[in-house]
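Work through the exercises below with the structure in view. Each task is followed by a solution in steps.

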Amino acid sequence: MTRLSVEMLAADTAEPITSAGHAQLGIAVLAGIAVIVLLITKFKLHAFLALTIGSLALGAFAGAPLDKVLTSFSGGLGSTVAGVGVLIALGAILGKMLADSGGADQIVDTILEKAGGRSMPWAMVLIASVIGLPLFFEVGIVLLIPVVLMVAKRGNYSLMRIGIPALAGLSVMHGLVPPHPGPLVAIDAVEADLGVTLALGVLVAIPTVIIAGPVFSKVAARWVDVSAPERMIPQRASDELERRPGFGATLITVLLPVVLMLAKALVDIVVDDPESPVQRVFDVVGAPMIALLAAVLLGIFTLLRPAGYAKERISPLVEKSLGPIAGILLIVGAGGGFKQTLIDSGVGRMILDISEDWSIPALLLAWLIAVAIRLATGSATVATVSAAGLVAPLAADMSTTHAALLVLAIGAGSLFLSHVNDAGFWLVKEYFGLSVGQNLKTWSVMECIISVVAGGVVLLLSLVI
């Protein structure tokens, strides 16, 4: 039996904090999720507070003692932040360095110089995918929107023909590829292998982004034929810089953590000997924290120094990068607390029993649960952390590859149908100057395509690997 199976079995056989039966637990789960949804949507409460209160409500409806609920929630919050908090922080630092040094603009401009005509939508996908690797979705949008608007205006393209591929690239990276918070939390919850998940995530992302990006953009441009709004073209970061880092150095810095983590996964498969010096070295250098830390340290010399950053300016830049992620860390942590409350209440065992009785494939069940929570809350991150907590026990008897596919199924479901309860919906609408109806026909449909295509590819992969 693998280490994962032993740990998950121990979690399943641990004494639940409540003696409630399946019916009461089912009602408790629905009530807890309903509380979270109502607090976020109707009362506009921050997701951190909503998840905290929802966890308490779940425990109360399940008949669990309040002190045990608090212990479960606090333990889950602490372990989740400990597992992914440093990675999110390092990713934010790397993203800030990339943005403020002009490195992101250098990648964009270099690729655009080589593209033109019919290849432009494909160039936008490539740009968004590369830029989207180390950046949070919102930061990626802010960086890419000026480029999208300027390319659409100068090349006389439909805004949707250029914008949809860029948005698809960012969204797919955000939902499927570590080190983004959602995939990291799901990997931590089901104890999947990060390198394998990263490799399979890239494999799933390629057909998904092609269909939802350049292919769908042709349809979206016919449905909504609009021009780039002049008022929304902001100044780019590098416009104020005298010089900026080179394309090659920037690309190496962005891709370094991906290469190191993939190398570790490859060595684990080829060598498959924990005592081997080679595998032990790659276990260290390919660990997510070391891989991201290496990229950040490299970025000081490849991004900041070429952009004219003196030593005194590096610390303030790092400090500014950490402020905006406080909310993300709290949401992720509270999601981990909610997940642990679900597990300790015995919900994991209930999900296992239901999946056996209904004969629902685990990957499809994970996708459906993530879709339901995404539709209700509007948050891909909340959908990911909540769904991961619910279906984590299903990974106990899975192989390494299928546990990774479970993570990707959750990520795919968490992207389904962004609509009016999602902050990203309004961000895209305002930047592109669209009406609500136009945004639903373009951005929202694109998110559905990403979710369905990615979920379908995950299911197909589960049949062949």
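**Exercise 1.** State how much space lies in the largest cavity and which elements line it.

Solution. The largest cavity holds about 50 Å³ of space. Here a cavity is a set of points on a 1 Å grid over the protein atoms alone where a 1.4 Å probe fits but cannot get out, and lining residues have an atom within 4 Å of a point. The volume is the space filled by probe spheres set on the points, which are joined across faces, edges and corners. Helix H8 (159-176), helix H9 (181-190) and helix H18 (380-391) are the elements that give two or more residues to this lining. H18 gives the most, with three residues. Helices are DSSP runs (H or I, at least four residues) numbered from the N terminus.

This is a predicted model, in which local features need pLDDT of at least 70 and side-chain atom pairs pLDDT 80 or more, while totals for chains, interfaces and linings use all residues. Residues are numbered from 1 along each chain as its sequence is written, and side-chain values use heavy atoms, with hydrogens and water left out.

**Exercise 2.** Sort the linings of the largest and second largest cavities by class.

Solution. Ala, Val, Leu, Ile, Met, Phe, Trp, Tyr, Cys and Pro count as nonpolar, Asp, Glu, Lys and Arg as charged, and the others, Gly among them, as polar. Residues lining the largest cavity include His174, Pro183 and Ser414; by class there are two nonpolar, six polar and no charged residues. The second largest cavity, of about 40 Å³, has Leu133 and Phe136 among its lining residues. Its lining has six nonpolar, two polar and no charged residues.

Note on methods. On a 1 Å grid over the protein atoms alone, a cavity is a set of points where a 1.4 Å probe fits but cannot get out, and a pocket is an open set with protein on both sides within 12 Å along at least five of seven lines; lining residues have an atom within 4 Å of a point.
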